[in-house]
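User: I'd like to go through this model with you and check how its labels are earned. Could you take my questions one at a time?

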Amino acid sequence: MTDVAARATAGFRSAYGQQPAGRWAAPGRANLIGEHTDYNDGFVLPFALSLRTVVAASGQPGERWTVWSETTDQPVEFGAAEADEPGRVTGWGGYVAGVVWALREAGYAVPGARLAIASDVPLGSGLSSSAALEAAVLAALVDLGGLDLPAERRPRLAQRAENSYVGAPTGIMDQSAVIRCREGHALFLDCRTEAVEHIPFDLDAAGLAVLVVDSRAPHRHADGEYASRRRSCEAAASALGVPALRDVAVADLDTALGRLSDDETRRRVRHVVTEDQRVLDTVELLRAGRVREIGPLLTASHASMRDDFEITVPEIDTAVEAALAAGALGARMTGGGFGGCVLALVEAASAGAVADAVTHAYAERGFAAPHHVTVLPAPGATRLP
Ligand code: GAF
């Protein structure tokens with residue numbers, strides 16, 4: 001398939017009969033560790049992928065937005081009235097309308113625009129295709145309109161598009177990752193303060209690779225389950241009298257658990273509190289250049305998601321088990337759960353063998369063959385030359 005930027009440009013030319021004024025790209029992301037901690041005001045450590053969404057765009061007069069996408073080849077068009085009513089534009093166009101809404105709501109004069117979208121980020125695989133779309137559209141509209149919106153304020157705005165226009169109650173991780181990540185680094189984000197530290201994550205130098213396995217498991221009730229996990233965490237924080245579960249220190253975990261009567265809630269809390277600590281421990285190891293030693297933390301994170309937070313599915317657990325049995329240093333599901341992708345930290349030389357082992361395990365269980373790719377930490381959203 002041709003390069004994604006070339007496809008966006010060609011799509012723009014064929015949809016609108018002219019050259020775009022510019023092209024903006026935003027990547028998908030993998031989360032190294034720190035799952036379901038973002039909306040608990042905790043810590044996450046994602047990195048951007050080289051798989052990207054590209055938006056080719058030009059201004060157009062008036063408050064009208066026309067959007068072509070290679071996935072549907074059906075332009076979506078909306079004006080200010082539709083943009084100003086959350087939920088009115090549905091489907092993938094809702095993410096674009098949501099960005100227009102969030103900008104207008106924040107008081108920006110959003111320029112009318114024609115946009116064409118192409119993407120290499122697989123949809124619905126837990127690699128943040130929606131955040132990539134929001135971030136690329138946001139970058140395009142900000143530049144076309146000459147809007148004053150620095151990069152560090154963009155994740156919140158894109159998140160508002162998703163929470164309030166599209167209606168998905170997600171945290172701040174994905175938008176922060178796709179906007180703020182740097183090449184060769186993972187993004188250590190404090191989701192309460194939005195302070196970031198770019199942590200070197202040099203896999204090549206360590207002779208390592210990250211293998212991402214797309215489980216291809218159908219997302220089963222992912223939206224409802226995500227919202228219910230979030231509600232349980234918020235209810236637990238309120239029962240414990242803290243603003244968010246981030247405020248429960250791992251040293252105080254047993255005391256906190258003793259104050260909760262419901263076993264399921266206790267397990268949810270234990271996942272979040274221990275996961276925050278695993279992020280901090282991973283950051284410490286990476287700061288010290290001890291990349292290979294993070295493996296057990298990744299695997300412990302997976303066990304916690306499987307047993308305490310209960311967000312994995314058989315395909316995902318099979319991929320993790322097969323990768324570990326084939327020599328991966330650590331493996332875990334990445335993203336919101338109920339399907340999506342697994343990442344495995346492997347010796348670079350054994351990436352192929354680990355991938356084959358996962359494929360073999362899938363065949364034995366009768367699952368659809370998984371897809372895999374090795375990835376390196378890539379840059380966040382940018383305007384293309
Ligand atoms: C999804 C959400 F969008 C993120 O905000 C985060 O909560 C993640 O699931 C789980 O860590 O990607």
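Analyst: Happy to; what follows covers the ligand site and then a strand pair, in what is a predicted model.

User: What makes Arg29 a polar contact of the ligand?

Analyst: An N or O atom in the Arg29 side chain is 3.1 Å from an oxygen atom of the ligand. The cut-off is 3.5 Å, so the pair qualifies.

User: How do you know that backbone atoms take part too, at His36 and Gly171?

Analyst: Same test: a polar backbone atom of His36 is 2.7 Å from a ligand oxygen, and a backbone N or O atom of Gly171 lies 2.8 Å from a ligand oxygen. Both values are within 3.5 Å, so both count. As for cover, the protein takes up 94% of the 310 Å² of accessible area that the ligand has on its own.

User: Why are 4 residues of the shell called charged?

Analyst: The shell includes Arg29, Glu35, Asp38 and Asp174. Asp, Glu and Arg belong to the charged class, so these make up the 4. The others divide into 3 nonpolar and 4 polar.

User: Which pocket does the ligand take up?

Analyst: The ligand's space is the largest pocket.

User: Why do S4 and S5 count as paired?

Analyst: Pairing needs at least two bridges, and S4 (residues 64-69) and S5 (residues 76-79) have 4, so they pair, in the antiparallel sense. Trp65 stands opposite Phe78 of S5. The two strands form a hairpin with 6 residues between them, and Asp73 in the turn has a positive phi of about 60°.

Terms used: Residues numbered from 1 in each chain as written. Predicted model: local features only at pLDDT ≥ 70, side-chain atom pairs only at ≥ 80, totals over all residues. Heavy atoms only, no water. Near = heavy atom within 4 Å. Polar contact = N/O pair within 3.5 Å; in protein donor to acceptor, adjacent residues only side chain to side chain. Areas by Shrake-Rupley, 256 points an atom, 1.4 Å probe, with all protein chains shown as cover. 1 Å grid on protein atoms, 1.4 Å probe; cavity = no way out; pocket = protein on both sides within 12 Å on 5 of 7 lines; lining within 4 Å. Sits in = over half its atoms within 2 Å of the grid points.
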